[in-house]
Amino acid sequence: MKDTATGPTTAVSNPPVQPMKAYFDTSDIVRISATKDVPQPTRQLEKLAKLIDVSKCIGCKACQSACIEWNDTKPEIEENVGVYENPHDLTPNMFTLMRFSEWENPETDDLEWLIRKDGCMHCEDPGCLKACPAPGAIVQYSNGIVDFIHDNCIGCGYCVTGCPFNIPRISQVDHKSYKCTLCSDRVAVGQGPACAKACPTQAIVFGTKEDMKAHAETRIEDLKSRGYDNAGLYDPAGVGGTHVMYVLHHADKPGIYNNLPENPRISPLVEGWKGVTKTAGLAVVGLAALGATLHGLFSRGNRPDEHDDDAAETLVVERRDPENGGHV
Amino acid sequence: MAPRPYYSERGDHIDSKAPVTVSRYRGFTRINHWITAATLILLAISGLALFHPSLYFLTGLFGGGQITRWLHPIMGVVLFFSFLLMFVQLWRLNMPKPEDVTWTTRIGDVVKGNEDKLPELGKYNAGQKFVFWAMTGLILLLIVTGVMIWQQFFAHYVPVPLRRIAVLLHALAAVAILLVFILHVYAAVWTRGTLRAMTRGTVTGGWAWRHHRKWLREIASRDTKGPAE
């Protein structure tokens, strides 16, 4: 009999040598796209998080390589256009991307090389899931992982409009949407995400959200002692917090890290579209259709009578005006 | 060529005299109208399926969600061009005329069927003109916003914030056009004798006299075949 894995608390442990049963499954789903009244799980899994400390990142892209290897994706070989980003953007085959920016600190006059590992933030309140029209194409587990179920994805791109971080990418090959899974398949058997496992400086660490917040505190304290007075944790409340968090040395200016949004939230346009428009729109159309059908069935209608027929005949055949003393 | 008629199209003519029937739409216009109608219905079904989760099952009619997602915008383009043809044919007689104001202010008599209290009208009444221009505006809005959110071909050209506006406008315009569509079908059924204009292409003389008298007068006045034999 297989042992059931325990939830991971770190990414550095080595995998078990025995086959393990997943510690969470579909019964731990708390939200399903385009599905109302999802039966809530009987247990609450420990919330997980990946913490990315940008101050420790050396931009080696081991995380990208590990991601490609674990997820078996095949990003296209691209042209070198003189920038460090490779590939040029997140793609359906590249779920995470090191974004590089050069920033002149106006206070110190130093040039700072800011490197941010971009990818799905695994929002507690996921905009992609809210926008998705296909039942079951996006799910959220009680440990915080937001996952795309590709069998149910129809490739409409609504998740792109819903996402406050511009993460999902639609494949032109199979027309399905792709993004970071937080390595849900690794996590299920007690392992941390491949990127965190591969990171040589442990700029990427993984564990329970509580642990990660506590770890972030020590990192922030350290950064502050080194003169980064505005160091802080990026766990934006506008999306209910995220299960991928950053330690930023300039947490007061997230925008300098390649346009990391200052206060991300699901756009009010998306909320309005998926809220009142959807509900009221269907009600109005339904009522109008029903009313028109019923009234159409039971009303007498407006029917020409024989006077109309006679008048037309007088006009057309006898060429006299039925109304005007007989003159056309 | 004779000057352009004021209340009718050149091709509208007395079709028969015993009984009197009047040709209202030629075959090409009718076929095109039904292409527009069919695509609009299919677009409504596929669009509603993606609009509200409770109607997602309708994607089954098209062979699943992926095929529905693929087909919906293509049908939209077909509808746009077939409506464009219809627009070119119909816009002139749908321009507002003074009698439309009177007709609209007496909308109560329209609903009660008191035709004798209404002004004589050309080929279209103000209600029909409203449907025509509402369809025109909404189809334009739908095709523009629809192309902007057409993931397969145009996703890379439209920034995400703009797509959010487009997707909301697309949904609102879709709701509006469905209401106009319901009004259009209802009015065509309620006004008995109207449907045959789009099936057989003709209407009875009585229908024309009752609802579109100026149209009938103009056609009758240029009917040079003389009295019935």
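**Entry 1: strand E11 of chain A**

I began with strand E11 of chain A, where Val205(A) is the bridge partner of Leu51(A). The model is a predicted one. A further partnership in E11(A) joins Ala49(A) to Gly207(A). I then looked up the pairing as a whole: strand E4 (residues 48–53) of chain A runs antiparallel to E11(A), and five bridges link the two. I also checked burial. Four of the five residues of E11(A) are buried, so the rest of the structure largely encloses this strand.

**Entry 2: the sheet around E11(A)**

Next I traced the sheet. It is open and has four strands of chain A in the order E11-E4-E13-E12, with mixed pairing. The edges are held by E11 and strand E12 (232–234) of chain A; each has a single partner strand, so one side of each lacks a neighbour in the sheet. From one strand to the next, the twist averages 25 degrees. I found that helix H6 (residues 209–225) of chain A packs on this sheet and touches E4, E11, E12 and strand E13 (244–248) of chain A. The direction of H6(A) makes about 135 degrees with that of E11(A).

**Entry 3: helix H6 of chain A**

I examined this helix in its own right. H6(A) has 17 residues and reaches 24 Å from its first C-alpha to its last, close to the 24 Å expected at 1.5 Å a residue. Which residues of H6(A) are buried? I noted Lys209(A), Met212(A), Ala216(A), Ile220(A) and Leu223(A). Seen down the axis of H6(A), these buried residues fall within an arc of 80 degrees, so they line one face of the helix. They pack against E4, E11, E12 and E13 of chain A. I then turned to the face directed away from the buried side, which carries the exposed residues Glu210(A), Ala214(A), Glu217(A), Thr218(A), Glu221(A) and Ser225(A). After H6(A) comes Gly227(A), with a positive phi near 100 degrees.

**Entry 4: helix H1 of chain A**

I moved to helix H1 (residues 62–71) of chain A, in which Cys63(A), Gln64(A), Ala66(A) and Cys67(A) are buried. Their arc around the axis is only 165 degrees, which puts them on the same side of H1(A). What do the buried residues of H1(A) pack against? I recorded strand E5 (97–104), strand E6 (111–118), helix H5 (194–198) and strand E11 (204–208) of chain A. Thus E11(A) receives buried residues of H1(A) as well as those of H6(A). Just after H1(A), Asp72(A) takes a positive phi of about 55 degrees.

**Entry 5: domains and the contact with chain B**

I looked up the division of chain A, which gives domain 1 (3–265) and domain 2 (267–328). The C-alpha centres of these two domains of chain A lie 56 Å apart.

I closed with the contact between the chains, where 48 residues of chain B touch 45 residues of chain A. The elements of chain B that give two or more residues to this side include strand E1 (13–17), helix H1 (27–51), helix H2 (65–90) and helix H7 (160–190). H7(B) supplies the largest share of the side of chain B that touches chain A, 15 residues.

Conventions: Residues numbered from 1 in each chain as written. Chains lettered and ligands numbered in written order. Predicted model: local features only at pLDDT ≥ 70, side-chain atom pairs only at ≥ 80, totals over all residues. Buried ≥ 20, exposed ≤ 12 C-beta atoms within 10 Å, placed from the backbone. Arc of directions from axis to C-beta. Contact = placed C-beta atoms within 7 Å. Pairing = 2+ DSSP bridges. Axes fitted to C-alpha atoms, helices over the stretch in contact; angles between N-to-C directions. Domains from an automatic or database assignment. Expected span 1.5 Å × (residues − 1).
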